[in-house]
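Work through the exercises below with the model open beside you. Try each task before reading its solution.

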Amino acid sequence: MKRIITIFIFLVIQIPSLVAQQNFFNVPSSEITQKGKLLYQGQVNITSEETEINNTFSYGLGKDLEVGINIFEFTFDPKHHFHFEHNDTLPKSPVYPLVLLNIQKAFELLPDFQLSIGTQNGLNPARHMHWVNYTYLNLAYEIPGLETRLVAGAYTFNKAFVGDWRGNEETSADNKWGIGFQAGIQQPIIKEKLLFTADFLSHRHKLGESAWGLAYYITKSWVLSMGYQLPNPGSLSNKGLIFEITHVPE
């Protein structure tokens with residue numbers, strides 16, 4: 001319990017004046033930050049093996065375009081008093097921590113349909129640096145009257161970002177590419193107060209999992225999300241809790 005409280009306080013106090021590609025939990029929601037506004041999203045994943053901290057920042061440029069920075073996979077080993085860990089060797093991939101540039105552009109197809117294209121590219125700041133890439137194409141639809149947001153699409157990745165995508169840590173091939181399917185849903189339970197949120201990433205790599213949870217509006221701008229992640233069969237992911245704090249600019 002102390003561990004959870006400490007992490008929550010860490011999320012709330014860090015860079016509170018800011019608000020990148022906003023996620024349900026792991027899948028981009030395809031919502032675009034408004035022009036001249038800043039979005040912030042901080043996430044903590046807690047499993048029996050590790051505690052991982054992710055931060056995302058985005059700035060709206062207008063014309064349904066945003067850019068930002070992701071600082072991902074600051075990983076701590078809870079068995080050794082939260083000793084900071086890093087990996088820069090692909091056979092033990094994925095590499096971490098990561099500093100990524102994110103870009104997302106949306107296109108309105110119909111009043112309730114939106115197409116978005118996004119990418120996250122960067123490096124792991126370590127002795128042996130590797131280029132990291134995650135790129136996606138999403139179709140988003142909001143059901144009129146219900147305010148249900150549905151997102152589905154395809155994503156591409158390299159091994160440095162997700163690990164071996166066949167679920168085998170022993171392979172040593174460098175920068176293998178793969179393609180997968182991703183989806184997300186958000187459904188209001190109490191209007192402008194409580195939402196059901198879930199998402200899914202295909203494959204058996206480190207991010208091959210589904211996540212299920214709730215999002216609660218603490219204020220009009222601050223949203224606290226809590227969920228649970230379930231690995232896909234045979235994936236390198238782990239079961240665990242997810243805590244997420246998001247500042248959505250008004």
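Three exercises follow, on one residue, one pocket and the aromatic pairs.

The model is predicted, so local features need pLDDT of at least 70, side-chain atom pairs count only at pLDDT 80 or more, and totals for chains, interfaces and linings use all residues. Residues are numbered from 1 along each chain as its sequence is written, and side-chain values use heavy atoms, with hydrogens and water left out.

**Exercise 1.** Place Asn 121 in the fold and list its contacts.

Solution.
- Step 1: find the element. Asn 121 sits in strand S6, residues 113–123. Strands are DSSP runs of E, at least two residues, numbered from the N terminus.
- Step 2: classify exposure. Asn 121 is partly exposed because its relative accessibility is 22%. The cut-offs are under 20% relative accessible area for buried and over 50% for exposed, with partly exposed in between (1.4 Å probe, protein chains only).
- Step 3: collect contacts, meaning heavy atoms within 4.5 Å. Beyond neighbours within four places in sequence, Asn 121 touches Val 99, Leu 100, Leu 101, Trp 131, Val 132 and Asn 133.
- Step 4: check one C-alpha distance. Leu 100 is 21 residues from Asn 121 along the chain, yet their C-alpha atoms are 5.1 Å apart.

**Exercise 2.** Describe the lining of the largest pocket.

Solution.
- Step 1: fix the term. On a 1 Å grid over the protein atoms alone, a pocket is an open set of points where a 1.4 Å probe fits, with protein on both sides within 12 Å along at least five of seven lines; lining residues have an atom within 4 Å of a point.
- Step 2: count. The lining has 31 residues, and Glu 31, Gln 186, Leu 195, Tyr 217 and Val 248 lie nearest the centre.
- Step 3: assign elements. Strands S1, S9, S11, S12 and S13 each give two or more residues to this lining.

**Exercise 3.** Which class does the ring pair Phe 181 and Phe 200 belong to?

Solution.
- Step 1: state the rule. Rings of Phe, Tyr and Trp (its six-membered ring) pair if their centres lie within 6.5 Å; planes under 30 degrees apart are stacked, over 60 edge-to-face, the rest tilted. The count comes to 11 aromatic pairs.
- Step 2: apply it. The centres are 6.4 Å apart and the planes stand at 45°, so Phe 181 and Phe 200 are tilted.
- Step 3: locate the rings. Phe 181 is in strand S9 and Phe 200 in strand S10 (residues 194–201), so the pair ties together parts 19 residues apart in sequence.
- Step 4: repeat for another pair. Phe 196 and Trp 212 are also tilted, at 6.4 Å and 40°. Phe 196 is in strand S10 and Trp 212 in strand S11, 16 residues apart.

Definitions and conventions
Helix = DSSP H or I, 4+ residues; strand = E, 2+ residues; numbered from the N terminus.
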